[in-house]
Every structure is written in structure tokens, then in C-alpha cells.
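Good morning. Please have a look at the chain on the screen before I go through its pockets and a few of its strands.

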Amino acid sequence: MSTNCIFCKIAAGEIPSDKVYEDEYVLAFRDISPQAPVHILVIPKTHIASAAEVSAENAELVAACFAAIAKIAVAEGLGKGFRVITNCGEEGGQTVHHLHFHLLGGRHLGANLL
């Protein structure tokens, strides 16, 4: 856990969230500023700062996130489709430096980013 990381604090239960999924490796919760009818953040419970820090040693945590995304998409009724986004670094729009995936759906998202 990174002591200054808000997502680490959410994963540790120190900050409340609207959880939709949790297992040993992954936590998923609703975004507080949703950009679509369904907007869920999926995070590994272990701190990884960004996609740039994914390695052979922690890749199984990323795989666990995507397995969770598949389960959450079914539970949220996203059978017609959904989008998964991760931002990496300042120029990539990353504002919380803990690897996280935005699961977006619930409407036609079109070809634009959001």
C-alpha cells in the first residue's frame, strides 16, 4: 500500500466506496463522477502506479482485473458492449497514480473516446 494513494486507502477500507465487486486481488467501485450510465473503476489491491509499471512479476494482477471486468459487465447488464480505458501518466490524463481501469457502458458510446 502506498500511504498517500487514495485508491490504496479505498482498497484497505479506510475510505468508503460504492463497491460492486471484490476478491482477493481486485476491487471495483462506482466512479463518483460517472461519464456513462455505468462507470466503474477496477483496481488491483496491490499498488501499481500505472500501466507503465506492469511487468512479468505483476501481470497476473492485471489479468485478475480483466477477469473481474468480464464478470462485472455481465452483472451490470452490459451484454451489448462496453469500453475499458486506462490512462497512463500526466499526458495520458492519469490523475490517480494507481493502476485502474474505467469500465464504461449502459449506452451507445460511439467511436469517440467517451
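One definition before the pockets: Ala, Val, Leu, Ile, Met, Phe, Trp, Tyr, Cys and Pro count as nonpolar, Asp, Glu, Lys and Arg as charged, and the others, Gly among them, as polar. Keep in mind that this is a predicted model.

By those classes, the lining of the largest pocket divides into 13 nonpolar, 9 polar and 3 charged residues. The space in this pocket comes to about 490 Å³. It has 25 lining residues, and those closest to its centre are Phe 7, Asp 31, Leu 41, His 100 and His 102.

Where does the lining of the largest pocket come from? At least two residues each are supplied by helix 1 (6-11), strand 2 (26-30), strand 3 (38-44) and strand 5 (101-105). Helix 1 gives the most, 3 residues.

Now the second largest pocket, with a volume of about 170 Å³. Its lining includes Gly 77, Leu 78 and Gly 79, and also Arg 107 and His 108. Here the classes are 3 nonpolar, 6 polar and 2 charged residues.

Back to strand 2, which helps line the largest pocket. Why is strand 2 largely enclosed by the rest of the structure? Because 4 of its 5 residues are buried, where buried means under 20% relative accessible area.

Strand 2 pairs with strand 1 (residues 19-22) in the antiparallel sense, over 3 bridges. One bridge sets Leu 27 of strand 2 against Glu 22, and a hairpin of 3 residues joins these two strands. Strand 2 and strand 3 also run antiparallel, joined by 5 bridges. There, Val 26 stands opposite Pro 44 of strand 3.

Note on methods. Residues numbered from 1 in each chain as written. Predicted model: local features only at pLDDT ≥ 70, side-chain atom pairs only at ≥ 80, totals over all residues. Heavy atoms only, no water. 1 Å grid on protein atoms, 1.4 Å probe; cavity = no way out; pocket = protein on both sides within 12 Å on 5 of 7 lines; lining within 4 Å. Points joined across faces, edges and corners; volume = space filled by probe spheres on them. Buried < 20%, exposed > 50% of the residue type's maximum accessible area, 1.4 Å probe, protein only. Pairing = 2+ DSSP bridges.
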